[in-house]
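This report describes a structure from its local backbone features to the contacts between its chains. The sequence and coordinates are shown first.

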Amino acid sequence: MDVLAFYAFAAIAVIASLLVIGQGNPMHSVMLLIVSFGALAGLYVLLDAPFTAVTQIIVYAGAIMVLFLFVVMLLNVPREEPAPPGVSTLLGPTGMRIGAVLSLLLAGEMLWALGRIGIGWFSQGVTAASVSSVALIGSGIFTRHAFAFEATSVLILVAMLGAVVLARREHF
Amino acid sequence: MVPLNYYLVLSGLLFAIGTAGVFLRRNLITVLLSIEIMLNAVNLTFVAVGRYRGSVDGQIITFFVMTVAAAEAAVGLALIIALFRHRETLNPDAFTALKW
């Protein structure tokens, strides 16, 4: 049952992600990415992480993707432009081929490495209760990781200011 | 329970797909979406390894990664809007000059 659910969610995530980068229309890409994030939330539930799954849905599929949709609609560029002729041989089809080879190489390398390592150093039979408790996550964030939490709040503030300043028109 | 390796392989595949998107696409918005795919692949690794170690630290760092992703998306999209105002295009090849 677990394995079946894993395969189903994994297939949805991989296929949706492939379609995201295969789409010409950014609007469809954003919609498919939401599907992919939903499948990842399902995987988090399988991993006994309901809090992370809900955060994934609310923050990622909800907030961040709506931001993307907003910009896609604002700019209204439905089609990707074809490569202008004679920009540079590196950016033309040859560059695309180099990119495809590099990413395939990365995938092959990671699969090879994961096939070789043994992961017997993980204790088996960890109970689900020790990782699925929201209280444990909260106390971890606000005690051991309090500095990172505060730094994150400063980061958000800077990002907010930066976004406002960057997107502002220079001449009112 | 599904072995940890399955999750790691899936995460590696998603990361490679994100990398391919960054390399292959000629649309700034799709490039940002590919970066989100890569961040999510890493999140999956954190949560899976945390689950198999029996610690909540994986979920905590996922929380921080999501915050950074939100900040990155906000600033990145603001940059895209600013760039689009100047050039009326989303093609990254159009933004090769350091100054205009």
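In this predicted model, A:Asp48 sits in the loop that links H2 and H3 of chain A. Its phi is positive, at about 60 degrees, although the residue is not a glycine. Most residues other than glycine have a negative phi. A:Asp48 counts as buried because it has 21 C-beta neighbours inside 10 Å, and the cut-off for burial is 20 or more.

A positive phi is also found in chain B. There, B:Glu88, likewise a residue other than glycine, has a phi near 60 degrees. B:Glu88 belongs to the segment after H3 of chain B. With 10 C-beta neighbours inside 10 Å, B:Glu88 is classed as exposed.

At the other end of chain B, B:Val2 lies in the segment before H1. B:Val2 is partly exposed, as 18 other C-beta atoms lie within 10 Å. Leaving aside neighbours within four places in sequence, B:Val2 is in contact with A:Asp2, A:Val3 and A:Phe6. Between B:Val2 and B:Val75, which are 73 residues apart along the chain, the C-alpha separation is 38 Å.

The environments of these three residues are set out below.

| Residue | Location | C-beta atoms within 10 Å | Class |
|---|---|---|---|
| A:Asp48 | loop between H2 and H3 of chain A | 21 | buried |
| B:Glu88 | segment after H3 of chain B | 10 | exposed |
| B:Val2 | segment before H1 of chain B | 18 | partly exposed |

Chain A contains seven helices and zero strands, and its pattern along the sequence is α-α-α-α-α-α-α. Of the 172 residues in chain A, 22% are buried. Among contacts in chain A with a separation of 6 or more, 52% join residues 24 or more positions apart.

The two chains meet through 64 residues of chain B and 70 residues of chain A. On the chain B side, helix H1 (4-24), H2 and helix H3 (57-87) are the elements that give two or more residues. H3(B) supplies the largest share of that side, with 22 residues. By class, the side of chain B that touches chain A has 41 nonpolar, 16 polar and seven charged residues.

One helix pair across the two chains can be described in detail. Helix H3 (residues 50-75) of chain A packs against helix H2 (residues 28-53) of chain B at an angle of about 175 degrees, and their axes are 12 Å apart. H3(A) is therefore roughly antiparallel to H2(B). H3(A) contributes A:Thr52, A:Phe68, A:Val71 and A:Val72 to the contact, while H2(B) contributes B:Ile29, B:Leu33 and B:Val47. This contact has six nonpolar, one polar and no charged residues.

Some of these residues recur in the largest nonpolar core, which has 60 residues. Those with the most contacts inside it are A:Tyr44, A:Phe68, B:Ile29, B:Leu33 and B:Leu44. At least two core residues come from each of helix H1 (2-22), helix H2 (26-46), H3 and helix H7 (146-167) of chain A, and from each of H1, H2 and H3 of chain B. The largest share, 13 residues, comes from H2(B). Within chain A, domain 1 (1-79) and domain 2 (133-172) each provide at least three residues of this core. Not counting residues up to four places away in sequence, A:Tyr44 touches A:Ala49, A:Thr52, A:Ala53, A:Gln56 and B:Val47.

Note on methods. Residues are numbered from 1 along each chain as its sequence is written. Chains are lettered from A and ligands numbered from 1 in the order in which they are written. This is a predicted model: local features need pLDDT of at least 70, side-chain atom pairs count only at pLDDT 80 or more; totals for chains, interfaces and linings use all residues. Axes are lines fitted to C-alpha atoms, for helices over the stretch in contact, and angles run from 0 to 180 degrees between N-to-C directions. Helices (H or I, at least four residues) and strands (E, at least two) are DSSP runs, numbered from the N terminus. Angles under 35 degrees count as roughly parallel, over 145 as roughly antiparallel, 65 to 115 as roughly perpendicular and the rest as oblique. Two residues are in contact if their C-beta atoms, placed from the backbone, lie within 7 Å. Ala, Val, Leu, Ile, Met, Phe, Trp, Tyr, Cys and Pro count as nonpolar, Asp, Glu, Lys and Arg as charged, and the others, Gly among them, as polar. A nonpolar core is a set of buried Ala, Val, Leu, Ile, Met, Phe, Trp, Tyr and Cys residues joined through C-beta atoms within 7 Å. A residue is buried if 20 or more other C-beta atoms lie within 10 Å of its own, exposed if 12 or fewer, and partly exposed in between; C-beta atoms are placed from the backbone. Domain bounds come from an automatic or database domain assignment.
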